[in-house]
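Here are some brief notes on helix packing and burial. Please read them with the model open.

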Amino acid sequence: MSTPGSLTATDPTTGAVIREVPAATAAQIEATLARAASAFGSWRRTSFAERSALLKAVAAELRSHSEDFAMLMTEEMGKPIGEGRGEVEKAAWAAEHYAEFGAAYLAAENVESDATRSYVQYLPIGPVLGVLPWNAPFWLAFRFCAPAIMAGNTAVMKPDPHVPGCGAAIAEAFVAAGAPEGVFQTLELATADVEAVIRDPRIAAVSFTGSDRAGAAVATVAASEIKPAVLELGGSDPCVVLADADLNAAADVITLSRIINAGQSCIAAKRIIVERGVHDEFVGLLRDRLAALRVGDPRDEAVQVGPIARADLRDNLHRQVTETVAAGATCLLGGELPAGPGFFYPVTLLTGVTPGMTACAEETFGPVAAVLAADDAEQALAIANDTRYGLAASVWTSPERGEAMARELEAGQVAVNGIVKTDPRLPSGGVKRSGYGRELGRHGIHEFVNAQQVWVGPKRG
């Protein structure tokens, strides 16, 4: 049993509580915000070279403790150990990317006007609050903090209450790298205290990753305080497989996309829409690949699919599967709650799924592949867009046809003949109920800066 007012990590492999951390007190919250504001006063005046040096040092710290950090994720949210190592490496890459390219992304831009000289410069705005989920605790932390810090802001990170060890470890990496006090801090907030921190005048902006319901609440608070926000919310990402696709390649990639992090990813392929002419052949290929996956203890190097992060999440996933089958879908694989300890769920393949069924109407966060049939590309596109979400999408067809379809897909990013992924070089974000704003790339670092216009006279004739 957890203690009221504590942040509790439960090992999803066993169901045992492994870590409890007291939620921040009012005095600790005040001290954290005061340090962030004080540090901003000096950090905003540092050079890009100084900021770059810090981010490179933090990246080196991540790599030097990669095994420890990966195991923290395995213990607190069930990520397979190999995926954990990959996540730490990707977080380090994000830090290094902004260390290398941040100055160019924020370079002043000359704009012709009636001034002797006029330009736009990009200035930091203040402490930025990051409210983050549990499913990728290191990667999402650096997706938020690396551009913010490189831009001259300070960062306050509220980790998910189920991964307190990961949150503490990230803060320790900054300390070990020699970060000035207050530039990056982890604040172990109770959920009930988040609103007051967003409203605090020392917080200049908020970055939120999580559900659309929680994102709407964060957006409401931020808007009422007239503070900028970036929201990366849920997805029910369509993956369209047309008759001219390389079916084997598509099956390989879609299998991987569906089961990374046990399927607990916003940008995983969730609705697989297959042109009817190749539907049965593709389903056979997909079933073979899914059936071969090994589910088990995420500490085992050979395991490809670990447990669901929490009991309530697994219960909800099973509800979605059973409701979809009850509505007429066929379960070709999995679909049954296993006996034994932990929060495991079998790799599951549903066919005969149609729009309106639970697996289409809701985001499925787990290793559940839902396959829909479409008569042709036009119907496939209509099904793909028939969702309140718009995070990401993928298309398997000829490159030219795929690029043309990308213009019609209502999604923040589209992969043609490849896996949907996040990349420090490219912007990521959604439309519709999947949020607004962008993270990563040049676009991401421009979210939390003051694009200040400077006009220098005298006026030209």
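**Notes on the helices**

1. H3 and H6 are roughly antiparallel to each other (an angle over 145 degrees, between N-to-C directions on a scale from 0 to 180). The axes of H3 (residues 66-77) and H6 (residues 164-176) cross at roughly 160° and come within 9 Å. Axes are lines fitted to C-alpha atoms over the stretch in contact. On the H3 side, the contact (heavy atoms within 4.5 Å) is made by Phe 69, Leu 72, Met 73 and Glu 76. H6 contributes Pro 164, Gly 165, Cys 166 and Ala 169.

2. This is a predicted model, where local features need pLDDT of at least 70, side-chain atom pairs count only at pLDDT 80 or more, and totals for chains, interfaces and linings use all residues. Residues are numbered from 1 along each chain as its sequence is written, and side-chain values use heavy atoms, with hydrogens and water left out.

3. Helix H10 covers residues 279-291. Its buried residues (under 20% relative accessible area, 1.4 Å probe, protein chains only) are His 279, Phe 282, Val 283, Leu 285, Leu 286 and Leu 290. Seen down the axis of H10, they fall within an arc of 165° (directions from the helix axis to the C-beta atoms), so they line one face. On the other side, Asp 280, Glu 281 and Asp 288 are exposed (over 50%).

4. What covers the buried residues of H10? The cover includes helix H9 (247-259) and strands S10 (238-241) and S11 (271-275).

5. Val 253 is found in H9. Val 253 is partly exposed (between the 20% and 50% limits), at 23% relative accessible area. Beyond neighbours within four places in sequence, Val 253 is in contact with Trp 396, Gly 418 and Ile 419.

Key. Helix = DSSP H or I, 4+ residues; strand = E, 2+ residues; numbered from the N terminus. Expected span 1.5 Å × (residues − 1). Parallel < 35°, antiparallel > 145°, perpendicular 65-115°, else oblique.
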